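User: I'm new to this one and would like a close look at a single part. Could you pick a spot in the interior and walk me through what surrounds it?

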Amino acid sequence: MPRFPGRTADVAANLTSHVLGRPLCANGTPWILYLFEECVENVWEYWSVVIGLISMFCFLLSTLPQVIEAYRNGKVEEAMSIGFLLFLFSGDLSSLTGCVLTSQLPIQIVTVVFYIFTDLLLISQFLYYKIKNSSSKKRPMLKWLCFLWCGASTVALLILPKFITDNNTSANTQNASNSVEISGYACGYLASIFYLSSRFPQLYKNFKRQSTEGTSYMLFALAMMGNGTYGLSVIVVLPALTGSKQTFILKHLAWLIGSLGVLLLDFFVTAQFIIYRKNSSGKTSKKLKVPEVEPLLCEEEELSTF
């Protein structure tokens with residue numbers, strides 16, 4: 001489940017002119033060249049980038065429905081697994097480490113920092129309601145501490161991308177390429193392991209409760225869209241490749257495993273939402289039928305006395 005397009009800022013040597021080291025991409029798409037430093041000259045590469053951006057925005061929006069659901073329900077600690085949240089946070093932290101070590105583009109660093117911010121928001125919300133609901137005493141300072149923590153983390157995460165991009169320099173070209181190769185693969189596989197592991201605690205939590213109440217399905221639906229579109233963005237570009245397709249797939253294998261693996265696990269989460277929602281609706285309908293039976297029984301007893 002790569003939560004950002006898993007491109008390793010591969011800028012071909014022929015994209016750089018010998019004059020002032022400026023990008024040379026006469027037939028490329030200007031906005032893609034400006035944002036991602038990629039020379040996109042055919043329809044396959046263009047749609048690969050567009051679908052990758054759709055994937056990114058799906059992940060950006062995925063946590064918002066869960067934040068709203070937790071605020072509305074007020075029992076997020078009963079619905080969400082802390083293991084799910086911690087594994088998700090660890091995966092995004094691994095992605096950020098990979099971005100820094102492999103000198104990724106600023107837009108990718110900013111995106112992954114935003115993911116970490118949303119992870120911290122979900123974890124903070126989980127801890128807030130857990131402390132609040134576990135005690136009968138009112139804790140007025142708890143809300144202020146929560147606001148203070150969220151404000152401090154927001155400021156820190158706004159400064160972090162600028163700090164990283166200003167200090168993210170390489171010693172020399174050879175060492176940089178070796179660093180990209182080793183650290184990129186390591187962080188990619190590590191992030192994939194964390195993302196895959198995140199679903200199992202939530203699946204177990206839902207199974208143990210026999211309910212998905214308090215959990216927003218849009219969190220998983222948008223994640224499924226993000227993972228599906230990411231995999232599609234990698235496949236779409238294959239016809240336009242001039243080099244080895246096997247090498248290209250191997251370079252993206254870590255992110256593809258995480259993306260498609262989490263997509264498969266989210267189908268099981270979807271099945272839980274369908275099954276447990278049917279069970280809960282069946283229980284509520286039974287409860288509604290009970291008051292209707294009692295008056296009829298009372299009338300029958302009164303008639304029998306006469």
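Analyst: Let's start with Phe-84. Setting aside neighbours within four places in sequence, Phe-84 is in contact (heavy atoms within 4.5 Å) with Ser-198, Arg-199, Pro-201, Gln-202, Leu-219 and Phe-220. Keep in mind that this is a predicted model: local features need pLDDT of at least 70 and side-chain atom pairs count only at pLDDT 80 or more, while totals for chains, interfaces and linings use all residues. Residues are numbered from 1 along each chain as its sequence is written, and side-chain values use heavy atoms, with hydrogens and water left out.

Phe-84 is one of the buried residues of helix α5, along with others including Gly-83, Leu-85, Leu-88 and Asp-92. Buried here means under 20% relative accessible area, exposed means over 50%, and partly exposed is in between (1.4 Å probe, protein chains only). Helices are DSSP runs (H or I, at least four residues), numbered from the N terminus.

How does α5 itself look? Its 20 residues, 82–101, should span 28 Å at 1.5 Å a residue, and the end C-alpha atoms are indeed 28 Å apart; the expected span is 1.5 Å times one less than the number of residues. At the N-terminal end, Ser-81 acts as a cap, with a side-chain oxygen 3.2 Å from the backbone nitrogen of Gly-83.

Phe-84 also belongs to the largest nonpolar core, where Met-80, Phe-84, Leu-85 and Phe-220 touch the most other members out of 21 residues. Such a core is a set of buried Ala, Val, Leu, Ile, Met, Phe, Trp, Tyr and Cys residues joined through side-chain atoms within 4.5 Å. The elements giving it two or more residues are α3, α5, α6 (106–134), α8, α9 (217–236) and α11, and α6 gives the most, with five. Apart from this core lies another of 17 residues, Val-49, Leu-53, Leu-120 and Ala-223 among them.

Now back to Arg-199, one of the contacts of Phe-84. Arg-199 forms a salt bridge with Asp-266, their closest N and O atoms being 2.5 Å apart; the term means a side-chain nitrogen of Lys or Arg within 4 Å of a carboxyl oxygen of Asp or Glu. Asp-266 sits in helix α11 (residues 253–305) and Arg-199 in helix α8 (residues 173–209), so the pair ties together parts 67 residues apart in sequence. Both partners are buried, Asp-266 at 0% relative accessibility and Arg-199 at 2%.

Definitions and conventions
A polar contact is a pair of N or O atoms within 3.5 Å; within protein, one must be able to donate a hydrogen and the other to accept it, and residues adjacent in sequence count only if both atoms are side-chain atoms.
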